[in-house]
Amino acid sequence: MSQKYVADNGTVITDDMVDQWAQEAEDGFQGAEIRPFEGRAWEVKSEPLKPRTIRVSDSVWGLVERQAKAMGMSVSEYARRSLINGLTPQQV
């Protein structure tokens, strides 16, 4: 893992942990009760989205559009996730 990820409780997320979680997902989370929830998982509560303005060059915007398309996301969703991922755990 080239980027260091830290959970809210301070635990450093390792490649082994990610591999274990992936295996659990592939196995269908046996023994777990999975319930749907309202809102967006990355937010403490579901807040309304408001349009915001940022200034980027055409070349950067093109990169954003291509990456969003490659990941099967809207440009807005990709931009939101990129902004959130750029924040340190203490800021989120």
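Where is Gln-30 found? Gln-30 sits in the loop between α1 and α2. The model described here is predicted.

## Overall layout

The protein chain has 3 helices and 2 strands. Along the sequence, the pattern reads β-β-α-α-α.

The chain holds 92 residues, and 7% of them count as buried. About 8,300 Å² of the protein chain is exposed. Carbon and sulfur atoms supply 52% of that area. Take the contacts in the chain with a separation of 6 or more: residues 24 or more positions apart account for 15% of them.

## Helix α1 and what follows

Helix α1 covers residues 15-26, which is 12 residues. From its first C-alpha to its last, α1 reaches 16 Å. That is close to the 16 Å expected at 1.5 Å a residue. Gly-28 follows α1 and has a positive phi, near 85°.

## The loop between α1 and α2

Phe-29 belongs to the loop between α1 and α2. Its phi is positive too, about 50°, although Phe-29 is not a glycine. Is Phe-29 buried, exposed or partly exposed? Phe-29 counts as partly exposed because its relative accessibility is 37%, and the partly exposed class runs between the 20% and 50% cut-offs.

Gln-30 lies in this loop as well. Its relative accessible area is 71%, so Gln-30 is exposed. The side chain of Gln-30 has a polar atom 3.4 Å from the backbone oxygen of Asp-27.

## A nonpolar patch on the surface

Which residues form a nonpolar patch on the surface? They are Ile-54, Val-56, Val-60 and Trp-61. Together these four have about 350 Å² of accessible area.

Trp-61 is placed in helix α2, which spans residues 58-70. Trp-61 counts as partly exposed because its relative accessibility is 35%.

## Met-73, between α2 and α3

Met-73 is in the loop between α2 and α3. Why does Met-73 count as buried? Its relative accessible area is 16%, and buried means under 20%.

What is Met-73 in contact with, leaving aside its neighbours within four places in sequence? Its contacts are Ala-68, Tyr-78 and Arg-81. Arg-81 appears again below, in a salt bridge.

## The salt bridge in helix α3

How many salt bridges are counted? The count comes to 1 salt bridge. Glu-77 forms a salt bridge with Arg-81. Their closest N and O atoms are 2.9 Å apart. Side chains of opposite charge can pair when their charged atoms come close.

Both residues lie in helix α3, residues 75-86. Glu-77 and Arg-81 are 4 residues apart, about one turn of the helix. An α-helix has 3.6 residues a turn, so residues three or four places apart point the same way.

Glu-77 is partly exposed because its relative accessibility is 22%. Arg-81 has a relative accessible area of 33%, so Arg-81 is partly exposed.

Methods: Residues numbered from 1 in each chain as written. Predicted model: local features only at pLDDT ≥ 70, side-chain atom pairs only at ≥ 80, totals over all residues. Heavy atoms only, no water. Patch = residues over 30% accessible without salt bridge, like charges linked within 9 Å, V, L, I, M, F, W, Y side chains within 5 Å. Areas by Shrake-Rupley, 256 points an atom, 1.4 Å probe, with all protein chains shown as cover. Salt bridge = Lys/Arg side-chain N within 4 Å of Asp/Glu carboxyl O. Buried < 20%, exposed > 50% of the residue type's maximum accessible area, 1.4 Å probe, protein only. Expected span 1.5 Å × (residues − 1). Contact = heavy atoms within 4.5 Å. Polar contact = N/O pair within 3.5 Å; in protein donor to acceptor, adjacent residues only side chain to side chain.
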